[in-house]
Structure formats: C-alpha cells, structure tokens
Amino acid sequence: MDIVSCCGMMCSECPVYIATQRDDETMRKYLAHEYSMGGAVFYPKDIVCYGCRTVSADHNKFGKGCEIRKCCKEKHVNLCAECKEFPCIKTEQYSPQDSEQMFRLCEMHKACENLINKDE
C-alpha cells in the first residue's frame with residue numbers, strides 16, 4: 001500500500017523516503033549534497049523520512065521544516081486535499097499546478113468534498 005504525503009506526493013516516489021527504506025548510505029550522501037543549496041545544509045544523517053504523517057516526522061529535518069506539514073497539523077487534516085481552503089497559496093507554491101501531485105490532491109479533494117463541507 002502506497003503512502004500519500006501531506007502535499008500529495010507518493011512516498012514511494014520520494015528519494016528521501018526511498019533512501020530511508022533501503023537504508024542506503026550512498027544515496028543519503030548524494031541527496032545531502034543535492035539538497036544543500038541556497039543556504040540549506042543537509043548531512044547524510046538528515047536524509048531520513050518514514051513518511052510525513054508519522055510521529056517520527058516531528059523529529060527529522062524534513063518533517064520539522066515542511067510548511068505544508070505544519071499547515072496540515074494546524075488545521076487537523078491528514079493532507080491538503082482534506083482542507084476546506086484547498087487549493088491555497090501554500091499548495092500552489094509547493095505542488096506545481098500541472099503535476100501529478102496536484103492532480104492527485106484535486107481528485108482526493110473531490111472524493112471527500114461532501115465530508116469536508118458537512119461540518120459547515
């Protein structure tokens with residue numbers, strides 16, 4: 001079963017998640033180098049993710065620093081698609097409009113729209 005992240009990415013397609021699942025130190029070193037840009041510094045030990053909707057995400061660099069994850073936690077939703085305000089400026093910044101990720105979120109939002117609007 002595939003896990004969907006807060007932003008709609010399939011965890012099984014995420015390089016950090018893959019490196020963690022495989023316990024692949026070479027891949028962690030490569031990703032740390034690739035992600036260390038624009039003032040951000042990553043070390044191989046930072047390349048750890050078991051999914052952003054897990055408790056462990058509170059303790060890793062990717063989970064703690066993710067604006068989408070923070071927003072989902074504040075609004076008490078599992079992913080953006082469950083939010084009444086979807087789509088919003090954050091989803092537009094982090095999920096490219098024509099991406100599979102945004103398509104997935106839109107489809108999920110449509111599927112649960114009745115439940116989302118039920119609280120109103």
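**A walk through an all-helix model**

Of the 120 residues in this protein, 38% count as buried. Keep in mind as you look around that the model is predicted.

Let's begin with the overall build. The secondary structure consists of 7 helices and 0 strands, so reading along the sequence gives the pattern α-α-α-α-α-α-α. The radius of gyration is 15 Å, close to the 14 Å that the globule rule gives for 120 residues, so the protein is as compact as a globular protein of that length. Along its principal axes, the C-alpha trace spans about 50 × 30 × 25 Å. Among contacts with a separation of 6 or more, 44% come from residues 24 or more positions apart. On the outside, the accessible surface comes to about 7800 Å², and carbon and sulfur atoms account for 55% of that.

Now look inside. The largest nonpolar core has 13 residues, and the members that touch the most others are C6, I68, C72, C80, F86 and L105. Two elements give two or more residues to this core: helix 4 (67-75) and helix 6 (100-111). Apart from this core lies another, of 11 residues, among them V16, Y17, A32 and I47.

I68 is a good residue to pause at. Not counting residues up to four places away in sequence, I68 touches C6, C7, C80, K90, T91 and Y94.

From there, follow the contact to Y94, which lies in helix 5 (residues 89-94). Is Y94 buried, exposed or partly exposed? Its relative accessibility is 42%, so Y94 counts as partly exposed. Leaving aside neighbours within four places in sequence, Y94 is in contact with E67, I68 and Q101. P44, by comparison, is 50 residues from Y94 along the chain, and the C-alpha atoms of these two are separated by 24 Å.

Finally, turn to helix 1 (residues 15-22), where the buried residues are V16, Y17, A19 and T20. Why do these four sit on the same side of helix 1? They cover an arc of only 160° around the axis, which puts them on that same side. The general rule behind this is that an α-helix has 3.6 residues a turn, so residues three or four places apart point the same way. The buried residues of helix 1 pack against helix 2 (25-35) and helix 3 (61-65). Just after helix 1 comes D23, which takes a positive phi of about 50°.

Terms used:
Residues are numbered from 1 along each chain as its sequence is written. This is a predicted model: local features need pLDDT of at least 70, side-chain atom pairs count only at pLDDT 80 or more; totals for chains, interfaces and linings use all residues. Side-chain values use heavy atoms; hydrogens and water are left out. A nonpolar core is a set of buried Ala, Val, Leu, Ile, Met, Phe, Trp, Tyr and Cys residues joined through side-chain atoms within 4.5 Å. Buried means under 20% relative accessible area, exposed over 50%, partly exposed in between (1.4 Å probe, protein chains only). Contact means heavy atoms within 4.5 Å. The arc is that of the directions from the helix axis to the C-beta atoms. The radius of gyration is taken over C-alpha atoms; the globule rule is 2.2 Å times the number of residues to the power 0.38. Accessible areas come from the Shrake-Rupley method with a 1.4 Å probe; for residues, only the protein chains shown count as cover.
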